[in-house]
Amino acid sequence: MLFPPLQAALQRALALAEGAIGLTDPNPRVGCVILAPDGRELGSGHTQAAGQAHAEVMALRDAAARGHDVRGATAVVTLEPCSHHGRTPPCCDALINAGIARVVSAIQDPNPAVAGQGLARLRAAGVQVDEADPAIATAARELNIGFFSRMQRGRPFVRVKSAVSLDGRTALPDGRSHWITGDAARADGHAWRRRAGVILTGMGTVLADNPRLDVRLVPTAHQPLRVVLDPHGQMPTDARVLEAPGQARVLGPGHVDLAQLMQDLGAEGINEVHVEAGARLTGAVLAAGLADELLIYMAPLLIGPGMPLAHLQELAGLDTATRWQFLEATPIGQDLRLRLRPT
């Protein structure tokens, strides 16, 4: 059981790590807080863009800038300090060389190049190592759910987003859908886009809505890559999805194997894929068993005849339906945000 100052430091480190969303990919989002023996904060920081300083180094630099001596201090981190040479030197070595006496880690790094080796190196150097309670570990994993997915499964975490009416419609029969949800829900949706390395859509959505599919309603340090499936070679040269900011990749003409696409994106370092598409592609992602999470914004209106969330095959019976578990149901402005994962 960790003492309250350490629990508070872990929460602060998690908040710092959240500040790295949209910045660190393909690296994980990590926060670090350095505490004096009396509980005072000496330094803090989060991981920077790939190839730049990690959270531990940023916290050490912050402590030095404040004029603090960190020898004998405790470093609280949201992910096990790395032990290998990548674009930057090992963070565990930086902590050892700085004289840190204790490290509290929220969760072990799933990267096989680390996977406990960072904590082992710290212990071998005489540093006391402790791990956080399960609730903190869960929060740390959720913050980097895509990184864990890529390290453990070889593919990104796939989140499928849709905006629907109370009767499950995403658009009128002719495809018109601007706007089902309100301003707050749309801004919230952009915050979830910001987490992704790729936003995936289909040509039906491009032709019907001509969307930009960028992140513009919340601040971000980078734009996700927009991937458009174009099986029939219909991409208009003036489509807004092709415009800056950010870049787009058009796949087609021809069939794209979705499972292979996810493996390929994982090999490219993509941690999270955000699907914003029409009923056909959404249905294909669901039918392939690739959807790890549903992000549904439900608006308080009834549409009647219209476009469904997904085109799915008819079931022989309800016992064959895919079951989902609610993670949350949160009011966002006038709408309701639902998040679900397969049971």
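On a 1 Å grid over the protein atoms alone, a pocket is an open set of points where a 1.4 Å probe fits, with protein on both sides within 12 Å along at least five of seven lines, and its lining residues have an atom within 4 Å of a point. The model is predicted: local features need pLDDT of at least 70, side-chain atom pairs count only at pLDDT 80 or more, and totals for chains, interfaces and linings use all residues. Residues are numbered from 1 along each chain as its sequence is written, and side-chain values use heavy atoms, with hydrogens and water left out.

**Exercise 1. Describe the second largest pocket and its lining.**

Step 1. Take the volume, defined as the space filled by probe spheres set on the grid points, which are joined across faces, edges and corners. For the second largest pocket this is about 470 Å³.

Step 2. List the lining. There are 18 residues, and Leu-286, Ala-287, Leu-312, Thr-322 and Trp-324 lie nearest the centre.

Step 3. Assign elements. Helices (H or I, at least four residues) and strands (E, at least two) are DSSP runs, numbered from the N terminus. Helix α10 (residues 279-287) gives the most to this lining, with three residues.

**Exercise 2. Give the strand order of the eight-stranded sheet and find its edges.**

Step 1. Pair the strands; two strands pair if DSSP finds at least two bridges between them. The sheet is open, its order is β10-β9-β8-β11-β6-β12-β15-β14, and its pairing is mixed.

Step 2. Find the edges. β10 (248-251) and β14 (324-332) each have a single partner strand, so one side of each is left without a neighbour in the sheet.

Step 3. Take the twist. Axes are lines fitted to C-alpha atoms, for helices over the stretch in contact, and angles run from 0 to 180 degrees between N-to-C directions. With direction ignored, neighbouring strands here are turned by 20 degrees against each other on average.

Step 4. Check individual pairs. β6 (residues 157-164) and β11 (residues 272-275) are parallel over four bridges, and Val-160 stands opposite Val-275. β12 and β15 are antiparallel over five bridges, with Ile-296 opposite Leu-338. β14 and β15 are antiparallel over eight bridges, with Thr-330 opposite Arg-337. The hairpin of β14 and β15 has two residues between the strands, and Gly-333 takes a positive phi near 65 degrees there.

Step 5. Add the helices, where contact means heavy atoms within 4.5 Å. Helix α7 (residues 183-195) lies across β6, β8, β11, β12, β14 and β15, at about 165 degrees to β12. Helix α9 (residues 258-267) touches β6, β8, β9, β10 and β11, and its direction makes about 160 degrees with that of β8.

**Exercise 3. Decide whether β15 is enclosed or open to the outside.**

Step 1. Set the classes: buried is under 20% relative accessible area, exposed is over 50%, and partly exposed is in between (1.4 Å probe, protein chains only).

Step 2. Count. Six of the eight residues of β15 are buried, so β15 is largely enclosed by the rest of the structure.

**Exercise 4. Describe the five-stranded sheet and the largest nonpolar core.**

Step 1. Order the strands. This open sheet runs β2-β1-β3-β4-β5 with mixed pairing. Its edge strands are β2 (41-46) and β5 (128-131), each pairing on one side only.

Step 2. Place two helices. α1 touches β1, β2, β3 and β4, and makes about 145 degrees with β1. α2 lies across β1, β2 and β3, at about 140 degrees to β2.

Step 3. Find the core, a set of buried Ala, Val, Leu, Ile, Met, Phe, Trp, Tyr and Cys residues joined through side-chain atoms within 4.5 Å. The largest has 40 residues; Leu-10, Ile-34, Val-70, Ile-100, Val-103 and Leu-122 have the most contacts inside it. α1 supplies the largest share, six residues.

Step 4. Follow one residue. Not counting residues up to four places away in sequence, Ile-100 touches Ile-34, Val-70, Ala-73, Ala-75, Leu-95 and Val-127. A second, separate core of 26 residues includes Val-160, Val-273, Val-285 and Ile-296.

**Exercise 5. Identify backbone exceptions.**

Step 1. State the rule: most residues other than glycine have a negative phi, and most peptide bonds are trans.

Step 2. Check the prolines. The bond from Asp-25 to Pro-26 is cis, with omega near 5 degrees; Pro-26 is in the loop between α1 and β1. The bond from Ala-244 to Pro-245 is also cis, with omega near 5 degrees, and Pro-245 is in the loop between β9 and β10.

Step 3. Check phi. Asn-210 has a positive phi of about 45 degrees and is partly exposed at 28% relative accessible area. Leu-213 has phi near 55 degrees and is buried at 4%.
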